[in-house]
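Me: I have a new model open here and would like to talk it through before I go back to the bench. Could you take my questions as they come?

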Amino acid sequence: MTANLTSPDSSPSLISPSISLQKSVDSLPTTSPLKLGVMASGSGSNFEAIASAIANGQLNAQISVLIYNNPGIKALARAEKYGIPAVLHNHRIKKREDFDQQIVKTLQEYEVEWVVMAGWMRVVTQVLLDAFPNRILNIHPSLLPSFKGVRAVEQALEAGVKITGCTVHVVSLDVDSGPILFQAAVPVLPDDTPETLHARIQVQEHRILVEAIALINF
């Protein structure tokens, strides 16, 4: 673990494992860009963190498509900003498997190699997992295995913990239970609210999600 990283709001963080993103940048000429499909249900801040890292030459990847399930979300505007195709899929269908089959079809049409769930608020089925075995990443706002599922930030505050954070992990059928790739610890301050704590966690989410993708193609 390294303790020499400080978020823009000056709160300290611990990130594990410690890798140099510069090493990934130095390796860019020797590897092909990783074709990503990003799935988002909300603001898309993690989506933009990936797109920005690609645009700045920090990440050897390309976002082939954004898949979203809520019309009018902020993630859509972010995709338009970067000229990235976006496809809406309605999750309000009878079977989750049918929904995932539609997603798989879109991902395959865009020749996606890895899938990144960046604020995707739907439970996946075996249909999606079988189509991209061990090639789906998720970012979760807690130090897994603590505080799985929804309202993770609120769960941490209610439990009274002094440290929480975020985790990038490989997606499995059991929610938030797949192999862990990266974690960042964030202190819980005495006057924290769900909003203030989540904002500081998101700073670290943007960092470790980019680093996890870089590690895949390193």
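Me: Among contacts between residues at least 6 apart in sequence, what percentage join residues at least 24 apart?
Reply: This is a predicted model, and in its protein chain 65% of the contacts between residues at least 6 apart in sequence join residues at least 24 apart.

Me: And how many helices and strands are there?
Reply: The protein chain has seven helices and nine strands. Of its 218 residues, 47% count as buried, and the accessible surface comes to about 10400 Å², with 53% of that belonging to carbon and sulfur atoms.

Me: Let's take one helix. Which residues of H3 are buried?
Reply: In helix H3, which covers residues 74-81, the buried residues are Ala 75, Leu 76 and Ala 79.

Me: Why are they on the same side of H3?
Reply: They cover an arc of only 105 degrees around the axis, and therefore they sit on the same side of H3. The face turned away from that buried side carries the exposed residues Lys 74, Glu 80 and Lys 81.

Me: What covers the buried residues of H3?
Reply: The cover includes strand S3 (34-40), helix H2 (45-55), strand S4 (61-68) and strand S5 (86-88). As for what comes after the helix, H3 is followed by Gly 83, which has a positive phi near 65 degrees.

Me: S3 and S4 came up there, so I'd like a residue from each. Is Leu 36 buried or exposed?
Reply: Leu 36, which has its place in strand S3, counts as buried because its relative accessibility is 1%, and the cut-off for buried is under 20%.

Me: What is Leu 36 in contact with, leaving aside neighbours within four places in sequence?
Reply: With those neighbours left aside, Leu 36 is in contact with Ile 50, Ala 61, Gln 62, Ile 63, Ser 64, Val 65, Val 112, Trp 114, Val 116 and Ile 213. Taking Ile 50 from that list, Leu 36 and Ile 50 are 14 residues apart in sequence and 9.9 Å apart in space, C-alpha to C-alpha.

Me: Ile 63 is on that list too. Where is Ile 63 found?
Reply: Ile 63 is found in strand S4, and it counts as buried because its relative accessibility is 9%. Not counting residues up to four places away in sequence, Ile 63 touches Leu 36, Val 38, Phe 47, Ile 50, Ala 51, Ile 54 and Ile 84. From C-alpha to C-alpha, Ile 63 and Ile 84 are 6.9 Å apart in space, and they are 21 residues apart in sequence.

Me: Changing topic to pockets, how much space lies in the largest pocket?
Reply: About 760 Å³ of space lies in the largest pocket. The elements that give two or more residues to its lining are H2, strand S7 (136-140), helix H6 (152-159) and helix H7 (194-216), and H7 provides the largest share, with four residues.

Me: Which lining residues lie nearest its centre?
Reply: Of the 35 residues that line the largest pocket, Gly 119, Trp 120, Met 121, His 140 and Pro 141 lie nearest its centre. By class, the lining has 15 nonpolar, 14 polar and six charged residues.

Me: What about closed spaces, how many cavities of 30 Å³ or more are there?
Reply: The count comes to two cavities of 30 Å³ or more. The second largest cavity has a volume of about 30 Å³ and is lined by Arg 96, Phe 99, Arg 122 and Val 123, which divide into two nonpolar, no polar and two charged residues.

Me: Last topic, the backbone. Which residues does a cis peptide bond join?
Reply: A cis peptide bond joins Leu 144 and Pro 145, with omega at about 15 degrees, and Pro 145 lies in the loop between S7 and H6.

Me: What is the phi of Phe 147, and what is that of Arg 151?
Reply: Phe 147 has a positive phi of about 55 degrees although it is not a glycine, and Arg 151, also not a glycine, has a positive phi of about 60 degrees. Phe 147 lies in the loop between S7 and H6, and Arg 151 is found in that loop as well.

Me: Why does Phe 147 count as buried?
Reply: Phe 147 counts as buried because its relative accessibility is 18%, with the cut-off for buried set at under 20%. Arg 151, at 46% relative accessibility, counts as partly exposed.

How values were computed. Residues numbered from 1 in each chain as written. Predicted model: local features only at pLDDT ≥ 70, side-chain atom pairs only at ≥ 80, totals over all residues. Heavy atoms only, no water. Buried < 20%, exposed > 50% of the residue type's maximum accessible area, 1.4 Å probe, protein only. Contact = heavy atoms within 4.5 Å. Areas by Shrake-Rupley, 256 points an atom, 1.4 Å probe, with all protein chains shown as cover. Arc of directions from axis to C-beta. 1 Å grid on protein atoms, 1.4 Å probe; cavity = no way out; pocket = protein on both sides within 12 Å on 5 of 7 lines; lining within 4 Å. Points joined across faces, edges and corners; volume = space filled by probe spheres on them. Nonpolar A, V, L, I, M, F, W, Y, C, P; charged D, E, K, R; others polar.
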